[in-house]
Structure formats: structure tokens, C-alpha cells
Amino acid sequence: MADSPLIIKSKEFALQIIKVCNYVKQTKKESVLTNQLIRSGTSVGANIREAFYGHGTADFIAKLQIALKEASETGKWLEMLYRTEYISEELYKHLNKLCSTIRILLIKSITTAKENNI
């Protein structure tokens, strides 16, 4: 489990989200968007970790689907921070790419789990 690319990438992503949110709160005094971003951005990894301790395949899939929804929401808040000029285009592209990679891995994992459960 600890070697899972989803666990590794989501943990690194959450740490970067926390750092970005703290920076924006301190330097730009913005808290509404960053509060939403920190919730959804850290929830991705929490749900992925929880999935690995699920009660069977259905629970595993359900937790990964929640993580996918949270990753999608995170992408929206990142875009809002970028469009309101709280973060740079370079930082937005970097974080959005990480978020997209996690979404792709989640979709593949959900699909595989569903196929193997048939």
C-alpha cells in the first residue's frame, strides 16, 4: 500500500497544496478560496488512504470515487486562484498537472477494480 503511486502522488500533492494555501493566506490575505482548496486538496489523499482499508471491493471503489470528486473540485479551486491572480500561471500549471495525473490514476484504478470484481 505505501508504495502505491496513488498514495505517493496524493501525499505529495496535499503537501504542496498546504504550502501554497499557507503562502497565499500570509502574503495575499486570501482565505475563502484557500480554505476550500485545502479541504478538497487534502481530502483526495485521505480518501485514497481510506480506500485501501475498505470493507471489500465496493467500499474500495466508493472511496476512490469520492477521491476523484475531490480531485475534480480541487482543480476548480486551483483555477479560481489562478484566474483571480492569487497564484502564478506557472504554479497553476504545475499543480493542475499533478491533480490531473491523480485523476487519471484514480479513473484507471476504479476501472480496474470494477473489471476485477465482475
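**Exercise 1.** Does Glu-50 count as buried, partly exposed or exposed, and what is its relative accessibility? Then place its salt bridge in the chain.

*Solution.* Keep in mind that we are working with a predicted model.
- Step 1: Residues between the 20% and 50% cut-offs are partly exposed. At 41% relative accessibility, Glu-50 therefore counts as partly exposed.
- Step 2: Look for the partner. The side chain of Glu-50 meets that of Lys-63 in a salt bridge, 3.0 Å from N to O.
- Step 3: Locate both ends. Glu-50 sits in helix α2 and Lys-63 in helix α3, 13 residues apart, so the pair links distant parts of the chain.
- Step 4: Check the other end. Lys-63 has 17% relative accessibility, so this residue counts as buried.

**Exercise 2.** Find the salt bridge that Arg-83 forms, and describe its setting.

*Solution.*
- Step 1: The partner is Glu-79, with the closest N and O atoms 2.7 Å apart.
- Step 2: Both residues belong to helix α3 and are 4 residues apart, about one turn of the helix.
- Step 3: Arg-83 is exposed, at 59% relative accessible area, while Glu-79 is partly exposed at 28%.

**Exercise 3.** Describe how α1 packs against α3.

*Solution.*
- Step 1: Start with the geometry. The two axes come within 13 Å and cross at roughly 35°, and the crossing is left-handed.
- Step 2: List the contact. α1 supplies Leu-6, Phe-13 and Ile-17, and α3 supplies Leu-64, Thr-74 and Leu-78.
- Step 3: Sort by class. The contact has 5 nonpolar residues, 1 polar and no charged ones.
- Step 4: Follow Leu-78 into the core. Together with Ile-48, Leu-78 touches the most other members of the 27-residue largest nonpolar core.

Methods
Residues numbered from 1 in each chain as written. Predicted model: local features only at pLDDT ≥ 70, side-chain atom pairs only at ≥ 80, totals over all residues. Heavy atoms only, no water. Core = buried A, V, L, I, M, F, W, Y, C linked by side-chain atoms within 4.5 Å. Buried < 20%, exposed > 50% of the residue type's maximum accessible area, 1.4 Å probe, protein only. Axes fitted to C-alpha atoms, helices over the stretch in contact; angles between N-to-C directions. Helix = DSSP H or I, 4+ residues; strand = E, 2+ residues; numbered from the N terminus. Left-handed = near helix turned anticlockwise from the far one by under 90°. Contact = heavy atoms within 4.5 Å. Nonpolar A, V, L, I, M, F, W, Y, C, P; charged D, E, K, R; others polar. Salt bridge = Lys/Arg side-chain N within 4 Å of Asp/Glu carboxyl O.
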